[in-house]
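Work through the exercises below with the structure open. Try each task before you read its solution.

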Amino acid sequence: MIKTACPLDCFDACSVVCNTQDGIKLVSGEDVPMTNGALCAHLYKHIHEAKRVSKPMVNGKEVTLDEALDAVADAIKDKKWLLWRGSGNLGLMQQVTNLLAKEANGALTKGTLCDGAGDAGIVDGRGVNRLLSAEQIAKSEVVVVWGRNITTTNSHLLPYIKDKKIVVIDPRVTKIAQMADLHLQVKPRSDFYLATIIARFLIMEDAIDKEWLEEYASEWEEFYEFTRGFRIKAILNHIGLSLDDIGDFLLMLQNKRVVFLVGAGVQRYENGYDTLRAIDAIAALLGLFGKEGCGVSYLSNSTLGFDNPFEVNCKRELKATTPFSKYDSVIVQGGNPAESMPCSNRVIEELKKVKNLIYFGLYENETSKLANIIIPAKNFLEKDDIRLSYGHEYMQKMNKAIDSDIGISEYDFTQEILKRLNLNPIKSEEYYINYWLNQAVEKNGKLISPAFEEIPYKDGFGEDSSDEFEFIDDFYDDFEDNKALTKFRRKLKSDSQSFWLLTPKSKKSLNTQFGLSSNYIYLNPKLGLKENQEVKISSKWGSLNLIVKLDSTIRDDCVVIFYGTKGVNKLTPPKSSSEGDMACYGDVKIRIENI
């Protein structure tokens, strides 16, 4: 029985025990209370269904691992090269390859594909992005689930919100929305406007915590002037809600312990930074920060309070729009940019122009098919690592559970390439693992993040809790003409021939490493298309053919194509958010044509 942790990219970061007495059996561990005695299907089923890379390859020919590593060293020696790392599997030791980039004059990426805009908004408002623990969520009376499909991406949190009043804000009627006391089925990309008018109404109705505001967020009156720049009637029409909807929501927020569970869905747009700042402003007006059973939960900064030995100073390229063709050689580590990055057609053409494309990972995918050098990686059971979480405060040691002849770990890969380049070796693997572990705080036999606060922001904001909360005071959006929503009384244009593209995660596809075998597009029957009809879906960046599935729970101005469906990112735009250097998957409208 060997303790480890789930390596997959989700809030829960479950504790795992590997039993090797009778084959390999994974069961839930006890080091993380959120695991709740069960593991999800992604870990015990889908991870084993994905086709693993098992043989080193060079130019289509099977070679020994040493020969493949020689080829990698030759490909980056005295060359212009880039390391592009994915996040399908998480572990601190995966970052050790940053040291290779530093020593061998490589470039790295900056920004993210999924959460950077929201994080930037939180940091500018609160100073630091601290975790709101499950224990605090459990003490709330009202839970607002805003753009976060917790039944799919955060299922172990469900027992913590049992028997509470639930509000769901989401364009889809998700499973959690079906359970909710109130569901606001807003238009996509309208969350900022909803949050802003909610904040305005709270102030107008004197439903704010003035005593808290005077001490911790004294510029609230200036923020009120900012909210008055938006037209209530026009915004309600734009987001698809009524005054009654707003009133129902406001009643549920007042004089209660309220927690907002905010997901990445609200910030998959160029203005995602502004949206998180606006949602945080609601919590600030209600005085929810620093109080038991209250606050805003988002993807927290899991490395907050740690000194990162893998942080290096290298040239960086934006991750969302990486110009691969600028480089002679590219190492893709633990990712699948040909499928997971926005504007796949552009990405694939860029990757094809790279002279030496090196794939270092676990699974066969669209990127590995393009690579001329393939290095199999060790999986989480075959190496030592450390797991942090953006959804809870626990640090977990991932102990090696089995021996395998397949692949090489990130640490050994780094050390082997440095040796082949006649560069100084890095410190021992044990040194780096202990470097991380020794920074944790031990509590009740468990390792806790050093920056964890049981009640975050209790004493104030910023790194040393000496600052005030900062409200948003400016907003600009060049994706939509929003002048009709502000002081300009221009009629808002509508386009009934194009539809918002929603790409939520499915039960079978946490990310592109577990690609869906289906090729469906889900849409409202009001659009007049027939079940199982084949249609062409297109945007200005690409197109693909899919089969129609009718779903009356989807807004008639939206379509749903689940993340992981092959080719969906042919449709998404090659752009980064206004703040936070994040991909803007949601900033796209698509058209549908009969075939």
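**Exercise 1. Decide whether Gly 528 is buried or exposed, and place it in the fold.**

Step 1. This is a predicted model, so take the values as computed from it.
Step 2. The relative accessible area of Gly 528 is 59%. Exposed means over 50%, so Gly 528 is exposed.
Step 3. Now find its element. Gly 528 sits in the loop that links strand E22 (520–523) to strand E23 (534–539).
Step 4. Take a distance. From Gly 528 to Phe 360 is 46 Å, C-alpha to C-alpha. In sequence, 168 residues separate the two.

**Exercise 2. Work out how strand E24 pairs with E22 and with E23.**

Step 1. Start with E22. It pairs with E24 (residues 542–550) in the parallel sense, over four bridges.
Step 2. Fix the register. Tyr 520 has Ile 547 of E24 as its bridge partner.
Step 3. Turn to E23. E23 and E24 run antiparallel, joined by six bridges.
Step 4. Fix this register too. Ser 539 is opposite Gly 542 in E24.
Step 5. Look at the connection. E23 and E24 make a hairpin, with two residues between them.

**Exercise 3. Describe the hairpin of E2 and E3, then sort the residues of E3 by face.**

Step 1. Strand E2 covers residues 15–19, and it pairs with E3 in the antiparallel sense over four bridges.
Step 2. One bridge joins Val 16 to Ser 28 of E3.
Step 3. Five residues lie between the strands, and Gly 23 in this hairpin takes a positive phi near 80°.
Step 4. Recall the rule for a strand. In a regular strand, side chains alternate between the two faces of the sheet.
Step 5. Apply it to E3 (residues 25–28). Leu 26 and Ser 28 make up the covered face, Lys 25 and Val 27 the uncovered one.

**Exercise 4. Find which residues of helix H10 are buried and what they pack against.**

Step 1. H10 spans residues 220–227, and its buried residues are Trp 220, Phe 223, Phe 226 and Thr 227.
Step 2. Check their directions. They cover an arc of only 100° around the axis, so they lie on the same side of H10.
Step 3. Recall the helix rule. An α-helix has 3.6 residues a turn, so residues three or four places apart point the same way.
Step 4. Name the partners. The buried residues of H10 pack against helix H8 (191–204), helix H9 (210–216) and helix H13 (272–285).

**Exercise 5. Decide whether Leu 99 and Asn 356 are buried or exposed, and list their contacts.**

Step 1. The cut-off for buried is under 20% relative accessible area.
Step 2. Leu 99 has 10% relative accessibility, so it counts as buried. It belongs to helix H3 (residues 97–103).
Step 3. Leave out residues up to four places away in sequence. Leu 99 then touches Pro 309, Phe 310, Val 312, Ile 426 and Tyr 432.
Step 4. Asn 356 has 14% relative accessibility, so it is buried. It lies in strand E15 (residues 356–361).
Step 5. With the same sequence limit, Asn 356 touches Ala 75, Asp 328, Ser 329, Val 330 and Asn 372.

**Exercise 6. Characterise the largest cavity.**

Step 1. There are three cavities of 30 Å³ or more. The largest has a volume of about 150 Å³.
Step 2. It is lined by 16 residues, and the closest to its centre are Leu 131, Ser 300, Asn 301, Ser 302 and Ser 449.
Step 3. Sort the lining by type: seven residues are nonpolar, six polar and three charged.

Methods
Residues are numbered from 1 along each chain as its sequence is written. This is a predicted model: local features need pLDDT of at least 70, side-chain atom pairs count only at pLDDT 80 or more; totals for chains, interfaces and linings use all residues. Side-chain values use heavy atoms; hydrogens and water are left out. Buried means under 20% relative accessible area, exposed over 50%, partly exposed in between (1.4 Å probe, protein chains only). Two strands pair if DSSP finds at least two bridges between them. The arc is that of the directions from the helix axis to the C-beta atoms. Contact means heavy atoms within 4.5 Å. On a 1 Å grid over the protein atoms alone, a cavity is a set of points where a 1.4 Å probe fits but cannot get out, and a pocket is an open set with protein on both sides within 12 Å along at least five of seven lines; lining residues have an atom within 4 Å of a point. Grid points are joined across faces, edges and corners, and a volume is the space filled by probe spheres set on the points. Ala, Val, Leu, Ile, Met, Phe, Trp, Tyr, Cys and Pro count as nonpolar, Asp, Glu, Lys and Arg as charged, and the others, Gly among them, as polar.
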